[in-house]
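Biologist: Got a minute to go through this one with me? Put it up on the screen and I'll ask as we go.

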Amino acid sequence: MAIQPGEQGKRVSDMLNWEYCPLSGYQCEKTTKKDGSIFILFRACYSSSNKFLKNGYSITAKAYEKYFSTTGLINKRLLWCLVAEWMFYNKFDSENPCLTLCTKEEKNHLKNYYSIEELLKKYPTPDEILNKILRFFCSQINGENLFPSIIFDEDNTRLDFKLPILFINNMSELKMLLDELVKLGYLSTSITEKTLSGRDNVAYTTEEIIEIRAIITPKGIMHFKGFIGDSNNGFVAMKFGASPEWKDSKGVVHPEGERNMDEFFDNVISKAVEKANYTPVKLDKVDHNNKICDELLVQIRKAKFLVCDLTYGNQGAYYEAGFAHGLSKQVFLICEKNYFEDLKGGTHFDVNHQVTIPYELDKSDDLINALASKIANNVVKI
């Protein structure tokens, strides 16, 4: 029987006096910073890959006190899956700080501070998990490995982050999902049994476990390419031309034309998309002969992701973001900071809990770096 997350780390830490992750129980290095926040660092590899080598996350002092001082307050399994997925697809550096779990009042998406309360609303549906599995395989594709195969097993002698990354609880659940992808022709699998030997606290033991080797098929790759967009484009949904007049909650009137949104696209957003090695696409710059609404949907379907500027409550941008979200594409929300934080303006209730990058007009380089990093780390390029 597989050891559940939490059990393995605690058992090992008891024997060797290691620290363990408060979410997963896996071995880690835990450091308390001057501000009281806790940094969790993993030095274990993900199987034969080095993706997890020296990656980690933080918990603010307020969040730790609120959610971790008493057991049973939060769904640690779900939160660990979200953290594991983030760590696998992101690397942290000076331009992309590590993920920090925080309270709702502390959230700051520009610095990768995410509210625990809001994250726990993000449990994926079964069809989304199937796409996460295909994304996981496609993320392994490179020039030397066009059809990657991945081994899943119940070997608890090492740290293994694969199941949490995919939001899967156990091997039985994994086998059911892989079988569905095999039926669709997207994966091919083989199952073998092997004997796992080792020593626990008392005696030498052996255990029979199953090993599943799965390989993505050409059909699976083509399906996922069509699913995420078979182009190198990033579609941009935003206000065109002059910014509209609006009044903030303090009664200050911001006149029409206060900003030139076309210049903002050329000088900031397009540079961010290009820095992530994609081609920015804005509808008014597309040479086409279709009805504009039809062409809009075509371009979003072709794009690998969508950047949406929610500033000024642009209803068209909301519609385009919703359409892309319905296609399960990556949607990167941005909003001018004053408008985003304004109680009267702000973003719509349905999206104000989503990850949004607030930007300041006099700090365009910050937005370019943050948006480029988000795109590069979250869009699978195949």
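**Cysteines, sheet and surface**

Modeller: Before you start, keep in mind that this is a predicted model. Let me begin with Cys81: with a relative accessible area of 2%, Cys81 counts as buried, because the cut-off for that is under 20%.

Biologist: And Cys308, is that buried or exposed?

Modeller: Cys308 is buried, at 0% relative accessible area.

Biologist: How many disulfides does the structure hold?

Modeller: Zero. Take Cys308: its nearest cysteine sulfur belongs to Cys335 and sits 9.3 Å away, and Cys308 is in no disulfide.

Biologist: OK, switching to the strands. What's the order in the six-stranded open sheet?

Modeller: The order runs β1-β2-β3-β4-β5-β6, and the pairing is mixed.

Biologist: Which ones are the edge strands?

Modeller: β1 (19-20) and β6 (113-115), each of which pairs on one side only.

Biologist: So in what sense do β5 and β6 pair, parallel or antiparallel?

Modeller: Parallel, with three bridges between β6 and β5, which covers residues 99-102. As for a partner in β6, Leu101 bridges to Tyr114 there.

Biologist: Now the surface. Which residues form a nonpolar patch there?

Modeller: Leu146, Phe147 and Ile215, and together they have about 250 Å² of accessible area.

Biologist: Where does Phe147 lie?

Modeller: In the loop that links α5 (126-138) and β7 (149-153).

Biologist: Why does Phe147 count as partly exposed?

Modeller: Because its relative accessibility is 38%, and partly exposed covers what lies between the 20% and 50% cut-offs.

Key. Residues numbered from 1 in each chain as written. Predicted model: local features only at pLDDT ≥ 70, side-chain atom pairs only at ≥ 80, totals over all residues. Heavy atoms only, no water. Patch = residues over 30% accessible without salt bridge, like charges linked within 9 Å, V, L, I, M, F, W, Y side chains within 5 Å. Areas by Shrake-Rupley, 256 points an atom, 1.4 Å probe, with all protein chains shown as cover. Salt bridge = Lys/Arg side-chain N within 4 Å of Asp/Glu carboxyl O. Helix = DSSP H or I, 4+ residues; strand = E, 2+ residues; numbered from the N terminus. Buried < 20%, exposed > 50% of the residue type's maximum accessible area, 1.4 Å probe, protein only. Disulfide = S-S within 2.5 Å. Pairing = 2+ DSSP bridges.
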